[in-house]
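The report that follows describes a single protein chain, moving between individual residues, pairs of side chains and the overall fold. The sequence and the structure come before the discussion.

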Amino acid sequence: MKNRTLKYYAILMLVVSFISCKGEEEYHSITDKIDAKQTPYHGKISSEELLNGTELISITEGDLTFLIPERKGQIKSYACIECHSKPVTQMKESDMQKAHWDIKIKHASLETMNCATCHNGENMNELNSLTGTAIDLNLSHKLCMQCHSSQFEDWKGGAHGKKVAGWAPPRASMTCVNCHNPHSPGFEKRWPVQFNTQTEIERQEGLNH
């Protein structure tokens, strides 16, 4: 009985050895196996077609260069100096139409933030950094990054925010103001969307007809 067991064991080891040797002869590593098994893709994956018709500008932040939506061309009342022909302090005291005085800032406390915190009162075509440096309206993310540095780093790397098209290059990312209202950046709370069985049944019936 013992000899028979040893015989079976020897046969089993021989089979295992044969299979292992065969595997080593075919593939010397898992990388070689992947390279041998994979089907090469000769096409080009790109988001260029999806970006057609979207006004974009190229920016460089650190060692990353990508596209963002052009904003000034989307603002109906730009250039701002067409109406803001005087400094804000003078216009507020005049009898001119007060187009923006009804805006309520729900961003930070009024003790630390007001209109002039972000807007350049002397040139309303530009934004204003905390140190008084002019910031182009197309580059408003440079204003946001002063206080929201961690979110900016995530956005710059692609982990925060939405893409204009897909993940395939060229990369085009929404900016802060494409998703957040700068005067009231918080999102309203809402209940999670629940699956409605009846609505789905009605939808399917509509498709069948």
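## Salt bridges and their surroundings

Glu-61 counts as buried, at 8% relative accessibility. This value, like every other one here, is taken from a predicted model. The side chain of Glu-61 meets that of Lys-142 in a salt bridge, with N to O at 3.0 Å. The pair joins distant parts of the chain, since Glu-61 belongs to strand β1 (residues 56-61) and Lys-142 to helix α6 (residues 141-144), 81 residues apart. Lys-142, at 31% relative accessibility, counts as partly exposed, whereas Glu-61 is buried.

The structure holds four salt bridges, and three of the pairs are set out below.

| Pair | N to O distance | Citation |
|---|---|---|
| Glu-61 and Lys-142 | 3.0 Å | salt bridge |
| Lys-72 and Asp-136 | 3.0 Å | salt bridge |
| Arg-203 and Glu-200 | 2.9 Å | salt bridge |

The side chains of Lys-72 and Asp-136 meet in a salt bridge. This pair, too, links distant parts of the chain: Lys-72 sits in the loop between β2 (64-69) and α4 (88-93), while Asp-136 is in strand β4 (residues 134-136), with their positions 64 residues apart. Asp-136 counts as partly exposed, at 31% relative accessibility.

Where does the salt bridge of Arg-203 and Glu-200 lie with respect to the helical turns of α9? Both residues are in helix α9 (residues 197-208), and because they are three residues apart, about one helical turn separates them. In general, an α-helix has 3.6 residues a turn, so residues three or four places apart point the same way. Arg-203 is partly exposed, with a relative accessible area of 44%, and Glu-200 is also partly exposed, with a value of 23%.

## Overall composition

The secondary structure amounts to nine helices and four strands, which along the sequence follow the pattern α-α-α-β-β-α-α-β-β-α-α-α-α. Of the 209 residues, 19% count as buried, and the accessible surface comes to about 16700 Å², of which 55% belongs to carbon and sulfur atoms. Among contacts with a separation of 6 or more, 50% are between residues 24 or more positions apart.

## Nonpolar cores

Which residues make up the largest nonpolar core? Six residues form it, namely Met-113, Cys-118, Leu-127, Ile-135, Leu-137 and Leu-143. Apart from this core lies another, of five residues, among them Ile-59, Ile-68, Phe-152 and Trp-155. In soluble globular proteins, nonpolar side chains tend to be buried together.

One member of the largest core, Leu-137, is in contact with Arg-71, Lys-72, Ile-75, Tyr-78, Asn-125 and Leu-127, when its neighbours within four places in sequence are left aside.

## Strands β3 and β4

Asn-128 lies in strand β3 (residues 126-128) and is buried, with a relative accessible area of 15%. Beyond the residues up to four places away in sequence, Asn-128 touches Ala-116, Thr-117, Cys-118, His-119, Asn-120, Thr-133 and Leu-143; of these contacts, Cys-118 and Leu-143 are members of the largest nonpolar core.

Ala-134 has its place in strand β4 and counts as partly exposed, at 42% relative accessibility. With residues up to four places away not counted, Ala-134 touches Glu-126 and Leu-127. The C-alpha atoms of Ala-134 and His-119, which are 15 residues apart along the chain, are separated by 9.1 Å.

## Helix α7 and the annotated span

In helix α7 (residues 149-157), the buried residues are Phe-152, Trp-155 and Lys-156. Seen down the axis of α7, these residues fall within an arc of 100 degrees, so they line one face of the helix. The elements that cover them include β1, β2 and α6. Phe-152 and Trp-155 also belong to the five-residue core. After α7 comes Gly-158, whose phi is positive, near 100 degrees.

An unreviewed UniProt entry carries the annotation "domain: Cytochrome c-552/4" for residues 144-172. In the predicted model, the end C-alpha atoms of this span lie 19 Å apart, and the span is 34% helix and 0% strand.

Methods
Residues are numbered from 1 along each chain as its sequence is written. This is a predicted model: local features need pLDDT of at least 70, side-chain atom pairs count only at pLDDT 80 or more; totals for chains, interfaces and linings use all residues. Side-chain values use heavy atoms; hydrogens and water are left out. Helices (H or I, at least four residues) and strands (E, at least two) are DSSP runs, numbered from the N terminus. Buried means under 20% relative accessible area, exposed over 50%, partly exposed in between (1.4 Å probe, protein chains only). Contact means heavy atoms within 4.5 Å. Accessible areas come from the Shrake-Rupley method with a 1.4 Å probe; for residues, only the protein chains shown count as cover. A nonpolar core is a set of buried Ala, Val, Leu, Ile, Met, Phe, Trp, Tyr and Cys residues joined through side-chain atoms within 4.5 Å. UniProt positions are given in the numbering used here, feature names are shortened, and annotations may be inferred rather than shown by experiment. The arc is that of the directions from the helix axis to the C-beta atoms.
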